[in-house]
Each structure stands twice: as structure tokens, then as C-alpha cells.
Amino acid sequence: MGAIAIRNVVKRYGMGARAQQVIHGVNAEIGDGEFVVIVGPSGCGKSTLLRMVAGLEEISGGEIAIAGRVVNDIEPAQRDIAMVFQNYALYPHMSVFENMAYGLKIAKVPVAEIKVRVDKAARILELGALLQRRPRELSGGQRQRVAMGRAIVREPQVFLFDEPLSNLDAKLRAQTRLEIQKLHHELGVTSLFVTHDQVEAMTLAQRMIVMNAGRLEQIGTPEEVYQRPATTFVAGFIGSPPMNLLRGQADGAQFSVAGHGLALPAAAPRAGELILGLRPEHAVLSRSGNAGWPLKVEMIEMLGAERLVYGRVGDSLFTLRLDGTLAPPKSGDTVSLQMAAQHLHWFDPTTTARVGR
Ligand code: ADP
């Protein structure tokens with residue numbers, strides 16, 4: 001059915017000497033009915049990849065297949081996909097019903113069938129009472145739902161979402177996220193969703209593709225990506241505040257950061273130059289005096305449920321997340337940190353890839 005295969009896909013913009021490659025051989029298999037989020041910083045190639053699936057950009061190399069059919073040379077309208085954009089551009093002079101029905105009318109779907117499909121989409125999106133309104137009589141969130149309705153009525157094999165929530169305020173964004181989850185639960189249509197927001201990616205994705213500079217860094221469930229980041233880029237991009245990354249020399253259970261020797265709870269996977277990663281919530285303040293790592297506290301942020309403690313281990317910046325109900329240290333204090341062996345992450349400084357476990 002609606003599975004998507006992305007095989008060695010390359011994208012170049014421009015011709016000849018001016019050609020610039022922006023996607024460098026991406027591979028991903030998206031299962032039928034799966035909800036996959038493509039996430040990465042601005043300019044990493046997320047939209048370009050999505051637009052190649054949609055057929056709005058030519059594919060410079062490799063191939064894309066939808067439902068088992070290679071679509072490289074197939075027109076967007078023939079790909080059986082529906083796209084939801086950030087700028088949802090409804091027709092201002094048409095009612096909600098007419099906006100949702102328009103594409104079907106053009107495709108010459110019988111009137112009775114159009115009514116059934118629009119009513120079904122309106123029920124799912126809770127737009128039933130608004131069908132006769134004009135877009136200007138709707139809130140931003142309602143307009144976004146109409147835009148989704150327009151995609152739903154086409155009953156495509158694949159939904160493609162290009163940052164559809166960016167124009168909404170934070171509260172509405174969270175609410176619309178829940179609606180999209182509900183929608184996917186009800187319809188089970190294969191979906192590819194692009195966002196630069198890692199929280200949005202974590203909450204929506206069944207699996208996520210993390211991209212950086214035109215390359216796929218990791219593909220996995222939110223848990224896999226958070227718990228076992230494949231590269232230092234993923235470690236620093238997913239999670240807020242990001243994973244602490246300390247560059248140093250490992251030798252068994254000894255790790256030296258800028259000449260400052262630190263005792264590890266378990267041996268490093270190999271000796272030599274390595275990057276140690278540690279999530280802010282996985283280092284705890286030690287009460288047993290100088291048994292742990294010394295952290296010189298510089299600043300503390302109270303966020304309610306938790307406190308963020310910013311400081312330095314040697315010269316390296318280090319962030320610690322503390323339960324908000326615990327008594328915090330003061331800035332200027334040197335506290336002692338402890339961590340458990342299972343929370344240490346190791347990366348190769350040359351390749352940036354995960355090492356060991
Ligand atoms: P993202 O969606 O991750 O922000 P894009 O896919 O929009 O990134 O862009 C990826 C890269 O391709 C960027 O460096 C961007 O400047 C470049 N790019 C995008 N569209 C074009 C275009 N039409 N012509 C030339 N370069 C482009």
C-alpha cells in the first residue's frame with residue numbers, strides 16, 4: 001500500500017559549475033501506515049526531501065518509490081499523495097465545505113460522494129458546525145484544520161506535511177499536534193512530517209529521521225534516538241538542554257578533560273581520544289564529599305518542576321538537571337557529580353559516530 005522507499009537520493013540545485021549538492025545520498029524505508037517525522041536545523045534539506053517525494057522538485061540521483069512504484073518521472077498529481085503546507089491558503093470567497101470539496105469537484109468526483117467524504121473529514125476534524133463559514137470567520141487553528149480536511153477528502157495513500165504548525169502560537173500548536181495524532185490513529189495513512197522543532201518531532205513521530213547538512217544522521221523511534229544517539233550531532237540536537245559532550249582522553253575508567261583526571265563508573269570502550277556524552281538528568285549531585293566529579297556552578301535556572309544548573313567541569317561547560325524540590329547549590333559553589341555506568345555515551349571525535357554500546 002502506501003509505503004515510501006527513498007534510495008540513495010541526491011539533490012543538486014543549479015547546473016554545471018554552479019551546481020550545488022544539497023542532499024547527499026539519503027536512504028530510508030517508511031512502512032505502510034507509519035508516521036515518520038523528518039527533523040533537523042534550518043537549511044539541512046528537510047523540505048527539499050519532502051518536495052522530492054511530492055514531485056515538486058526533481059530528483060537528481062537515486063530513486064523514490066511510493067506503494068512499490070518508482071515515482072521519479074511521475075507527475076505530482078499522479079502520485080496519490082496529499083500535502084499540507086505551513087501557508088494553507090484557503091479560498092477566501094468559498095465556504096469551509098467548498099474549500100474542502102474543491103479538489104474533488106475538479107477531479108469530477110460525483111456530488112453525493114463529495115458530500116460523504118467532506119462530512120466524514122469534518123466529523124474527524126470537528127468542523128461539522130463550521131461548514132458554511134468563510135475562512136475569515138475562523139480562528140488560525142480552525143483554518144489549519146480545514147487545510148488538513150482538504151488533504152483528507154482526497155483519501156490519498158500518503159500525507160506530506162511541510163511545517164504545518166509553524167504559524168500557530170504555542171498553545172494551539174500543542175493542541176493541533178494532538179489532533180494530528182488522533183487523525184493518524186483514525187485514518188492510519190502513511191505520513192511524512194517535516195519540522196525543525198525537536199519537541200514536535202519527539203511527540204508526533206513513530207520514527208524520526210534526523211538530518212544534518214543534507215545527510216541522514218539517524219533514523220529510529222524517539223526513544224532510540226534519545227537513548228542511543230548515533231552521532232554527536234544527534235546527541236546535541238535532540239533533547240533540551242542538549243546532551244553534555246566532553247572531549248578528552250580515555251584510559252580504562254580514567255578520563256582526562258584538559259589534563260583534569262576524572263574517575264568513570266565503568267571503563268571507556270577504548271583508550272585514546274574520545275567524546276563522552278552525558279544527559280543533564282543523568283548526573284546527580286553527590287552527597288559523599290569529593291567522591292565524584294567537581295562541577296563549579298556558574299548559574300541556576302528555576303523552571304518549576306526542575307532546576308537547570310550550569311557550570312564547568314575543568315574548562316568544559318556542563319549542564320545538570322535537578323528536581324525542583326531539591327535544595328539547589330549556589331553559584332560559585334563547587335559540587336560533586338556522580339553518574340551511573342549505563343548513562344555514559346561515547347563518540348569518536350574524528351567520525352563523530354557512537355562508539356561501543
Ligand atoms: P530545510 O527545509 O531543512 O530548511 P531546504 O530543503 O529548504 O532546508 O534547503 C536545503 C538547502 O538547499 C539549503 O541550503 C537551501 O539554501 C538550498 N535550496 C533550497 N531550495 C533551493 C533552490 N530552489 N535553489 C537553490 N538552492 C536551494
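The paragraphs below lead from the ligand, through a helix beside it and the nonpolar cores, to some unusual points of the backbone. The model is predicted, and every value given here is computed from it.

A good place to begin is the ligand and the residues around it, which are Tyr 13, Val 22, Pro 41, Ser 42, Gly 43, Cys 44, Gly 45, Lys 46, Ser 47 and Thr 48. Sorted by class, this shell has four nonpolar, five polar and one charged residues. Some of these neighbours can be followed down to single atoms: an oxygen atom of the ligand is 2.7 Å from a polar backbone atom of Gly 43, and an oxygen atom of the ligand is 3.1 Å from a polar backbone atom of Cys 44. With Thr 48 the partner is in the side chain, where an N or O atom is 2.5 Å from an oxygen atom of the ligand. Taken alone, the ligand exposes 560 Å², and the protein buries 58% of that area.

The element that gives the most to this shell is helix H1, residues 46-54, with three residues. How much of H1 is covered by the protein? The helix is mostly covered, since seven of its nine residues are buried, namely Lys 46, Thr 48, Leu 49, Leu 50, Met 52, Val 53 and Ala 54. Thr 48 therefore counts as buried, its relative accessible area being under 20%, and its side chain is also the one with an N or O atom 2.5 Å from a ligand oxygen. After H1 comes Gly 55, whose phi is positive, near 95°.

From the helix we can turn to the nonpolar cores. In soluble globular proteins, nonpolar side chains tend to be buried together. Here the largest nonpolar core has 45 residues, and the members that touch the most others are Val 37, Val 39, Met 100, Phe 193, Met 208, Val 210 and Ile 238. Apart from it lies another core, of 28 residues, including Ile 23, Val 26, Ala 54 and Leu 160. Ala 54 thus links two parts of this description, as it is one of the buried residues of H1 and also a member of this other core. Returning to the largest core, Met 100 touches, beyond the residues up to four places away in sequence, Val 118, Ala 121, Ala 122, Leu 127, Leu 131, Val 146, Gly 149, Arg 150 and Val 153.

A polar residue can be buried as well, and Asn 244 in strand S11, residues 244-251, shows this with a relative accessible area of 6%. What does the side chain of Asn 244 approach with a polar atom? That atom lies 2.7 Å from the backbone nitrogen of Thr 319. Among the residues that Asn 244 touches are Leu 276, Arg 279, Pro 280 and Phe 318.

Finally, the backbone itself deserves a look. Most residues other than glycine have a negative phi, and most peptide bonds are trans. The bond from Ser 240 to Pro 241, however, is cis, with omega near -5°, and Pro 241 lies in the loop between helix H8 and S11. Asp 80, though not a glycine, has a positive phi of about 60° and is found in the loop between strands S5 and S6. Glu 163 also has a positive phi, of about 45°, and its place is in the loop between strand S7 and helix H5. Are these two residues buried or exposed? Asp 80 counts as partly exposed, at 35% relative accessibility, whereas Glu 163 is buried, at 11%.

Definitions and conventions
Residues numbered from 1 in each chain as written. Predicted model: local features only at pLDDT ≥ 70, side-chain atom pairs only at ≥ 80, totals over all residues. Heavy atoms only, no water. Core = buried A, V, L, I, M, F, W, Y, C linked by side-chain atoms within 4.5 Å. Buried < 20%, exposed > 50% of the residue type's maximum accessible area, 1.4 Å probe, protein only. Contact = heavy atoms within 4.5 Å. Near = heavy atom within 4 Å. Polar contact = N/O pair within 3.5 Å; in protein donor to acceptor, adjacent residues only side chain to side chain. Areas by Shrake-Rupley, 256 points an atom, 1.4 Å probe, with all protein chains shown as cover. Helix = DSSP H or I, 4+ residues; strand = E, 2+ residues; numbered from the N terminus. Nonpolar A, V, L, I, M, F, W, Y, C, P; charged D, E, K, R; others polar.
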